[in-house]
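Okay, thanks everyone, let me put this one up on the screen. I'll start with a single residue and then work back through the strands.

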Amino acid sequence: MKARVRELRGTAELLAAEDLQFLVWGGSERDIFPRDAMRALEHIGGLVAGAFSSDAGELVGLVVGLPTAQSHVQHSHLLAVHPAWRGTGLAVKLKQFQAEWGRERGITQIEWTYDPLRAINAQLNIHRLGAFATTYIDDFYGEMGGINAGIASDRLVAVWTPGSLPARPPQDAELPAINDPRTGDWRPGAEEAPAVLLHIPADLPGLLDEHPEQAVTWRQQTRGAFHALFGRGYRVCDFRRGAQPAYVLTAG
């Protein structure tokens, strides 16, 4: 499966960008970035780009970046990949396009928010791309619909300097966990170590569908853990996927 990434052009492609968002996230018109806003963003120098399949020319990926008060920093508002294209590396390709687009315009840092309990997003943002995080925002968007319904919209702020990786402990290093990998309960004492693990659920979408009360409990427990660790000077530097996924945080 091959796709070509480029900036979007014209109303038809912006309408397709709306349709892709509905397909990926569901919800209502309140839950997407609308075509008129994308058109205005293009006009003022923001990024609105998509990935088109090489065979059918279908829009299968979308990345939107907003200017910020700092000319060298871009806020990446959304990244969407068609369900049939997940696992193909398209998300990385979209981010690479964004990084190159930004580099040509003097943008050296890209930031975005994402749900810290979604392991697939953490794997991409923190482990593969090499972003780090030191900021956690409670209920960033307020109540949401679609795949985000039923749980507070807490967000972690990922900070990415393309081409640079934060210092990380080796992937096989044994690190103490500050919470229980099965329940998320706090484990006192481990937070004094130079590097720790913070576990999240392996399947947040499954919990929201089958055990929403457990998803809410995980949100509350990890919210407190992130605030406590960031308050002590820790930063997210890596992510470990698997049956018991966990963030890696280092002190100092």
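So, Asp115: skip its neighbours within four places in sequence, and the residues in contact with it are Asp154, Arg155, Leu204 and Arg219. Keep in mind that this is a predicted model.

Where does Asp115 sit? In the loop between β5 and α4, the helix spanning 119–128. Is Asp115 buried or exposed? Its relative accessible area is 4%, and the cut-off for buried is under 20%, so Asp115 counts as buried.

What does its side chain do there? The side chain of Asp115 reaches the backbone nitrogen of Leu117, at 2.9 Å. Then there's Arg219, from that contact list: the side chains of Asp115 and Arg219 are joined by a polar contact, with a distance of 2.9 Å.

Okay, back up into the strands. β5, residues 109–114, pairs with β4 in the parallel sense, over three bridges. If you want a spot to look at, find Glu111 in β5, which has His75 opposite. Between those two strands the chain goes from β4 through helix α3, residues 90–103, and on to β5, and that β-α-β crossover is right-handed.

β4 also pairs with β3. Here the strands run antiparallel: seven bridges join β3, residues 59–67, to β4, residues 73–81. One pair to click on is Val63 with its bridge partner in β4, Leu79. β3 and β4 make a hairpin, with five residues between them.

And a general reminder while you rotate the view: side chains in a regular strand alternate between the two faces of the sheet.

Technical notes:
Residues are numbered from 1 along each chain as its sequence is written. This is a predicted model: local features need pLDDT of at least 70, side-chain atom pairs count only at pLDDT 80 or more; totals for chains, interfaces and linings use all residues. Side-chain values use heavy atoms; hydrogens and water are left out. Two strands pair if DSSP finds at least two bridges between them. Helices (H or I, at least four residues) and strands (E, at least two) are DSSP runs, numbered from the N terminus. A crossover is right-handed if, with the strands pointing away from the viewer, the path from the first strand over the helix to the second runs clockwise. Buried means under 20% relative accessible area, exposed over 50%, partly exposed in between (1.4 Å probe, protein chains only). A polar contact is a pair of N or O atoms within 3.5 Å; within protein, one must be able to donate a hydrogen and the other to accept it, and residues adjacent in sequence count only if both atoms are side-chain atoms. Contact means heavy atoms within 4.5 Å.
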